[in-house]
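Subject: Structure handover and notes

Dear colleague,

I am passing on the structure below, together with some notes on what was found in it. Please keep the view open while you read.

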Amino acid sequence: MLIALAAAGALAAQAVAIAAAPPSPSAAVAGEWPRHGLDAAETRFSPLSAIDTANVGRLGLAWHFRFDRSRGVEATPIMVDGTLFVTGPWGVVYALDARSGRLKWQHDPEVPAGKGMHACCDVVNRGVAVEDGRVFVATIDGRLQALDAHDGRLLWSTRTFDAALPYTITGAPRVARGLVVIGNGGAEYGVRGFVSAYDAQTGALRWRFHTVPGNPADGPDGAASDHALESLARPTWTGEWWRQGGGGTVWDSMAWDPELDLLYFGVGNGSPHDRDLRSPGGGDNLFLSSIVAVRRATGEYVWHYQTTPGDSWDYTATQHMILTDLAVDGRTRKVLMQAPKNGFFYVLDRASGELLSADKYVAVNWASHVAPETGRPVETEGARYPAGQPFLVQPSQLGGHNWQPMAWSPATGLVYIPAQENTGFMMKEPAFRHEPEHWNTGVLNPPMPPDPAVLAQARASMRGHLLAWDPVRRTAAWHTPHAGSWNGGVLATAGGMVFQGVGGEGLAAFDARDGRRLWQSDTWLDILGGPISYTLDGEQYIAAAAGFGSSMHITSSALLPRTGAPVPGGLFVWKLGGQAAMPEPTQRPRVAPPPDTGTEAEVAHGAARYARYCMQCHGAAAVAGGGMPDLRHSPYLSEAALFRRPLLDGLLAARGMPGFAQTLTTADADAIRHYIIRMAHTLAQLPAKD
């Protein structure tokens, strides 16, 4: 079903037209895809037009390459000089012949499996950077590496953080005029965020920008951010926030304007999520949930814009940022555009940080609007969920738009967003205590009861769509609904096409003008990272990495159209007239659960413990997704004593499953087992999705 939305003329008062020629901060070699977002402006707009609305129906699979390990896949491929560079789980790099898919070389960083316990959202990697014959990749255990693009030889490796700390890296590095820039993740585990720049030739650290003030007793860090932290950030924090890290990780989006020589990065949520816990006296908590501009060469602070002051909802501003030129009030402005989690679409002057517009692009109830005179959201009553009072927030912690990249088309003047409509339950966790190396949000995770009707209702409450947003008229041009809420990144092309991974359906192509679906190819695996396009020998190709994994697949697989078997993902490439056969899906082996003997009290207790300690990896309702073990069919479930061994004794710690002996009792473990068994029997009546 296609829903067409009329442009709201009244909302266009401040904006008159799109600039005739958008900037091209980093022109690509014709036919290549050399950067994460194609160019430094991260537009994800391909100038290739051989594939268009008239012939897209002739697209067929040219070839596919299967990775050699399972788990999540979120990468955007890079294509330079006839070679595709793509990362799979654990940051393994594959260099493939872009014509045939032949493996040229492979680099395995050999990350210890135990590091997976610090990965909130699977052991994913969003891709590499390639420049001057070098491939740069960051590993989940914190190493930034440079490889020879020709043969994959390791040229240098630099540790960006202490591997013993609960930091991770899942994002793609960016290269900007001789510097390689990378951030990190781990806010839910209690870390202090920062972003760093390294010399591309040697791996030496050039500058570091901390996003959250440290312990005042320790004094300045000697980092590029010191002055900004002291003068701007520290007054916005209260209490002893540093004891729980503070959060503010820079785990994904960046952009670079070579003319202004400014680097932009998005900052994530606080740690814990609830501001009352991390900063009990209130405050905006800079630079959480902010877009920050710094000088590329030095990391010196230039400006910031905070999308969600004093964030309490996990409303990160790490979502994709796009640089372009727009004509606003009859004047051409250099702008930065972002659709972060909080549900507002922002247009900022990228030279000064001035707010030009902020409008709801999905349903929002935590704030009524953003006040143009202050740039601050006007919060609604109860949105900060006072003690003992739950709040059903829109958007949920998943956001109106998550990390999956959007795209900008200068041809249509539209931004194409993988948007989401969802509601989240927010309530303070009773008697919260910080537990090192574990999930520390301070927000209650309500358990999924063993009731198929509740599961069906939860599925129905979450929706996703491809949204075409007009940043000049400040309204939606159209949106096309999808079957599920969790869909992939977007590619726009000069052929009038928008390509997007659609949850449970593979890759789809839409008319950029009105959102009509024109083509679809089911890969049997979800495509979450951004598709790309390139040309070789006069032929245009579309390429995308596919596989199960990500936060939604792990925590909420029960709510998705299809979870899939724990088989490796891979890279899929299409061209006009492609004749390759699509690989068939693999069925997941099943082990029957033991009899359900738990009492109602045991099951209820187990549900609460499972939601607090197990759901983040093994899924709500005990329905796992991607490569994670589905505990409903685990052989460890057969006996209580056997089930306790990995949970309490740490039997599988080397494989990434931490032990919880310091937190859970034998009675807790047995109750969790009873809950999983109950869910296995209750949900057995539902049709299998995989």
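Two strands are said to pair if DSSP finds at least two bridges between them. Please bear in mind throughout that this is a predicted model.

With that in hand, β9 and β10 form a hairpin with two residues between them, and in its turn D132 has a positive phi of about 50 degrees. The two strands run antiparallel, and three bridges join β9 (residues 129–131) to β10, with V130 having V135 as its bridge partner in β10. On from there, β10 also pairs in the antiparallel sense with β11 (residues 143–148), over five bridges, and one of the partnerships is that of F136 with A146 in β11. The hairpin of β10 and β11 has four residues between the strands, and G142 takes a positive phi near 95 degrees there.

Strand β10 (residues 134–138) deserves a second look, since five of its five residues are buried. In a regular strand the side chains alternate between the two faces of the sheet. Here both faces of β10 are covered, with R134, F136 and A138 buried on one side and V135 and V137 buried on the other.

V137 leads on to T87, a residue of strand β6 (residues 83–87), because V137 is among the residues in contact with T87 once neighbours within four places in sequence are left aside, as are F67, A75, V92 and V93. T87 is buried, with a relative accessible area of 0%, and its side chain makes a polar contact of 3.0 Å with the side chain of N125. A polar atom of the T87 side chain also lies 3.3 Å from the backbone nitrogen of G127.Where do the nonpolar residues gather, and which have the most contacts inside the largest nonpolar core? The largest core has 52 residues, and those with the most contacts inside it are L84, F85, V135, F499, Y534 and W574. Its largest share, six residues, comes from β40. A second, separate core of 48 residues includes I291, Y305, A367 and V393. In soluble globular proteins, nonpolar side chains tend to be buried together.

Strand β40 also belongs to an open sheet of four strands, in the order β4-β41-β40-β39 and with antiparallel pairing. The edge strands are β4 (59–66) and β39 (532–536), each of which pairs on one side only, and the twist averages 30 degrees from one strand to the next. Within this sheet, five bridges join β39 to β40 (residues 539–546), and Y534 stands opposite Y541 in β40.

Elsewhere in the chain, eight bridges join the antiparallel strands β23 (residues 321–328) and β24 (residues 331–338), with V328 opposite R331. Their hairpin has two residues between the strands, and D329 takes a positive phi near 55 degrees. β24 then pairs with β25 (residues 344–349) in the antiparallel sense over four bridges, with Q338 opposite Y346, and this hairpin has five residues between its strands, G343 in the turn having a positive phi of about 100 degrees.

Finally, there is helix α8 (residues 666–683), whose 18 residues should span 26 Å at 1.5 Å a residue, which agrees with the 26 Å between its end C-alpha atoms. Of these 18 residues 15 are buried, so α8 is largely enclosed by the rest of the structure.

With kind regards

Notes
Residues are numbered from 1 along each chain as its sequence is written. This is a predicted model: local features need pLDDT of at least 70, side-chain atom pairs count only at pLDDT 80 or more; totals for chains, interfaces and linings use all residues. Side-chain values use heavy atoms; hydrogens and water are left out. Buried means under 20% relative accessible area, exposed over 50%, partly exposed in between (1.4 Å probe, protein chains only). A polar contact is a pair of N or O atoms within 3.5 Å; within protein, one must be able to donate a hydrogen and the other to accept it, and residues adjacent in sequence count only if both atoms are side-chain atoms. Contact means heavy atoms within 4.5 Å. Axes are lines fitted to C-alpha atoms, for helices over the stretch in contact, and angles run from 0 to 180 degrees between N-to-C directions. A nonpolar core is a set of buried Ala, Val, Leu, Ile, Met, Phe, Trp, Tyr and Cys residues joined through side-chain atoms within 4.5 Å. The expected span of a helix is 1.5 Å times one less than its number of residues.
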